[in-house]
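Please examine the structure shown below, which is the subject of this report.

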Amino acid sequence: MRIATWNVNSIRTRVGRVVDWMVREDVDVLAMQEIKCKPEQFPHEAFEEAGYELAIHGLNQWNGVAIASRAPITEVETEFPNMPGFLKGHDGPDLPKEARAIGATVDGVRVWSLYVPNGRSLGDPHLHYKLDWYAALTDYARAETTAHPERPFALMGDFNVAPLDIDNGDPTVVVGQTTHVSPEERAAFFALENAGVTDVVRARVPEGLYTYWDYKQLRFPRNEGLRIDFILGSAAFAEAVTSASIHRDERKGDAPSDHVPVLVDLALGDDDDDRPMIF
DNA sequence: ATGCCTATTGCGAATAGA
């Protein structure tokens, strides 16, 4: 199974690019973030014509997540337990939930497409929201990997943290001045990894390969990006991974997303794609 | 450097992204 994540930054603007890439790369499952539309606005025909079914969670022009899959999608959820909500200017326990998470089961693999809150700036309430979101996600990951250790489980998406200094090549992203690299955000990311899910891509790609470059200030031509998009897999998921790649070329050309896709190849027990069963 | 990129809503300026 070839499974990928991509912050598409509006699926309506990017649908041709996204489906072309999926077909070209023989992708079986794609977790998308920032679709920026409601389900009824999603360009589903292009996916269906290419052989994919969809699970979509979008409430308005902000955020929005989806999963496309060649194999049937079951057990769709649009939030994890205790996922925080957010409403600017408000505080409290019962704020509306944003469209930042969708979970589904495909071929026995439990996958989530996640768009972690940005944080906006140091000291902004949105940063507290981001850290609360991480804490609830960490509790969920620990519970899920403990309850079903045999089931491959993956958290995929835009985590909006550059965990290591080598993941930050953007000179405007500075420890002590901006989000994404603060000790608190990095600690939240590492706590998530310590809850039973690990980065299955890092060891398989070159150091200093980013997944995001700001549209401004020639960030991409200067290669001043961030590595903030990840595939975090449980032990059962991680041991099935045979290869991984970051598709930097998808930042080139006309009307790219500011993020590029991240892909892993899984050798599952019932995988009949590429390896004949030998008796 | 007084400007910077893109998308959405809705038709312009505001919000958001990171």
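## Surface patch and DNA contacts

Leu164, Ile166 and Phe190 make up a nonpolar surface patch with a combined accessible area of about 210 Å². Such patches consist of residues with over 30% relative accessible area and no salt bridge, nonpolar side chains being joined within 5 Å; a salt bridge is a side-chain nitrogen of Lys or Arg within 4 Å of a carboxyl oxygen of Asp or Glu. Areas follow the Shrake-Rupley method with a 1.4 Å probe. Phe190 is located in helix α4 (residues 183-193), helices being DSSP runs (H or I) of at least four residues. Phe190 has a relative accessible area of 32% and is therefore partly exposed, a class between buried (under 20%) and exposed (over 50%).

The model is predicted, with local features requiring pLDDT of at least 70 and side-chain atom pairs pLDDT 80 or more, while totals for chains, interfaces and linings use all residues. Residues are numbered from 1 along each chain, chains are lettered from A in the order written, and side-chain values use heavy atoms without hydrogens or water.

DNA strand B is surrounded by 27 residues, each with a heavy atom within 4 Å of the strand. By type, these are 6 nonpolar, 12 polar (Gly included) and 9 charged (Asp, Glu, Lys and Arg). Helix α1 (residues 11-24) contributes the most, with 3 residues. Sugar or phosphate accounts for 84% of the strand atoms within 4 Å of the protein, and bases for the rest.

Polar contacts pair N or O atoms within 3.5 Å. Those below involve phosphate oxygens of DNA strand B:

| Residue | Protein atom | Distance |
|---|---|---|
| Ser10 | polar side-chain atom | 2.5 Å |
| Arg120 | side-chain N or O atom | 2.8 Å |
| Gln217 | backbone N or O atom | 2.3 Å |

Key. A polar contact is a pair of N or O atoms within 3.5 Å; within protein, one must be able to donate a hydrogen and the other to accept it, and residues adjacent in sequence count only if both atoms are side-chain atoms. Helices (H or I, at least four residues) and strands (E, at least two) are DSSP runs, numbered from the N terminus. Patches are made of residues with over 30% relative accessible area and no salt bridge: like charges are joined within 9 Å, nonpolar side chains (Val, Leu, Ile, Met, Phe, Trp, Tyr) within 5 Å. Buried means under 20% relative accessible area, exposed over 50%, partly exposed in between (1.4 Å probe, protein chains only).
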